[in-house]
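Biologist: Could you pull up the model so we can go through it together? I have a handful of questions about charged pairs, helices and the core.

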Amino acid sequence: MLVYLRLLKESFGFAMNALSNNKLRTLLSLLGVTIGIFSIIAVLAAVDSLDRKITKDLSSLDKNTIYLIKFSFGPSDIPQWKREQFPNIKYDEYTYLKNSLNNAEAIAFQIFTRRESLKYDAKTVSDVNIVPSSQEFIDIQGLEFDKGRFYNDSEANSGASVIVIGNEIANSLFEGVDPIGKNIRLYGKRFTVIGVLKKEGAGLFGDSNDTTAYIPVNFIRQLYGDNNDSLTNAILIKPESGVDMDAFKGELTQKLRNYRGLKAGEIDNFFINVFSGFTDLIDGIIGQMNVVGWIISGFSLLVGGFGIANIMFVSVKERTNLIGIQKSLGAKNRFILFQFLFEAIILSVFGGLIGLFLVWIISFIVTQAFDFEFVLGMGNVILGTSLAAIIGLISGILPAISASKLDPVEAIRTGM
């Protein structure tokens with residue numbers, strides 16, 4: 001064991017000597033490994049950070065949550081012209097399903113509408129995402145509050161002029177003043193602030209609760225009516241835990257078909273979008289990004305491997321005399337073999353560490369410059385170091401074998 005430790009120490013010394021004596025040649029040769037490790041770890045770190053962000057943004061929703069709406073969240077076999085003829089979801093359908101659908105933990109009604117401006121005294125916040133919804137929305141979405149509350153059944157049913165605002169909206173309009181109980185203007189009406197949501201940060205898909213305001217859906221129904229084509233309605237359904245989703249969707253489909261009077265043979269004129277299908281789509285995209293990252297970095301690692309092999313062949317040539325002396329003094333072939341293998345691994349790991357350091361710098365800059373946490377995890381650091389070591393091992397095999405098979409007499413004569 002002590003022999004191999006001494007061997008490792010000598011190999012480290014030779015590697016550092018190669019770096020110090022031939023800086024430009026060695027660094028250029030290591031560039032491929034550096035770029036390869038940088039590419040793959042940067043992609044993996046970015047994908048991990050993206051995955052973490054998605055998980056955080058979507059953690060409040062149960063994976064079995066259903067969006068009952070007139071369009072599909074994914075690809076559809078139904079022609080677009082036919083989908084455009086589908087009727088909007090109605091509030092009375094929400095009421096019917098709420099009273100008749102089995103195994104539903106919560107059912108809410110939501111309207112997708114355009115963005116608006118909120119005003120308080122002389123201050124205005126523009127481009128606010130307005131979410132009109134029924135009271136059950138909070139049981140599905142799982143909103144977290146900094147202060148105040150969500151509107152209750154009475155306020156929701158009557159269409160009361162109450163509003164729950166995001167953290168960024170509250171800070172922009174009130175600047176240190178407690179927003180609860182204050183009146184702000186929306187749709188030309190006064191709304192009383194009853195709740196402020198906890199700060200969430202930038203949303204992955206553009207919207208964030210920080211720039212969102214929630215109002216009772218019946219206020220919008222009273223304002224625009226139920227037959228406004230500029231609005232898109234949806235019913236959100238959270239099934240009970242452990243329910244058979246196929247059976248649940250089957251019952252939901254049959255009840256809505258019966259309510260709409262669809263005959264046998266007629267296609268469903270609505271879509272049941274299960275949230276898990278959306279997350280599966282995202283997982284597929286993330287998987288494809290990982291594959292692309294591995295392919296791109298694979299070419300760089302291949303070039304880096306040739307660079308390491310080149311360094312080692314040059315090193316064998318320069319140290320031919322030394323190898324002959326070592327062998328003449330009794331050094332075994334495997335001693336020479338391991339010496340050059342360790343040296344190749346050390347050089348490759350050195351190049352990999354430079355790549356990891358560059359990824360860390362990028363992650364620091366991105367995290368500071370944008371509202372996005374770019375994380376270089378320990379798992380990716382270990383993976384990058386291991387990949388570099390493997391590249392060094394593979395690249396150093398041929399040079400190490402050639403060094404170990406040198407005849408001591410010929411080696412000494414050649415080196416003189």
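Biologist: What is the separation of the closest N and O atoms in the salt bridge of Asp 210 with Lys 199?

Modeller: A salt bridge here is a side-chain nitrogen of Lys or Arg within 4 Å of a carboxyl oxygen of Asp or Glu. This is a predicted model, where local features need pLDDT of at least 70, side-chain atom pairs count only at pLDDT 80 or more, and totals for chains, interfaces and linings use all residues. Numbering runs from 1 along each chain as its sequence is written, and side-chain values use heavy atoms, with hydrogens and water left out. For Asp 210 and Lys 199, the closest N and O atoms are 3.9 Å apart.

Biologist: Is Asp 210 buried or exposed?

Modeller: Buried means under 20% relative accessible area, exposed over 50%, and partly exposed in between, with a 1.4 Å probe and protein chains only. Lys 199 sits at 60%, so it counts as exposed. Asp 210 has a relative accessible area of just 2%, so call it buried.

Biologist: Which residue forms a salt bridge with Lys 98?

Modeller: Lys 98 is in helix α4, and its partner lies 38 residues away, in the loop between β4 (123–133) and α5 (137–141); helices (H or I, at least four residues) and strands (E, at least two) are DSSP runs numbered from the N terminus. Lys 98 is partly exposed at 42%, while the partner is buried at 9%. The closest N and O atoms are 2.4 Å apart, and the partner is Glu 136.

Biologist: What phi does Glu 175 take?

Modeller: Glu 175 is exposed at 57% relative accessibility and forms a salt bridge with Lys 123. Glu 175 comes just after α7, and its phi is positive, at about 45°.

Biologist: Why do the buried residues of α7 lie on the same side?

Modeller: In α7 (residues 167–174), the buried ones are Asn 167, Ile 169, Ala 170, Leu 173 and Phe 174. They share a side because, going by the directions from the helix axis to the C-beta atoms, they cover an arc of only 160°.

Biologist: How many residues does the largest nonpolar core have?

Modeller: A nonpolar core is a set of buried Ala, Val, Leu, Ile, Met, Phe, Trp, Tyr and Cys residues joined through side-chain atoms within 4.5 Å. Those with the most contacts inside the largest one include Leu 118, Ile 163 and Ile 235. Its size is 43 residues.
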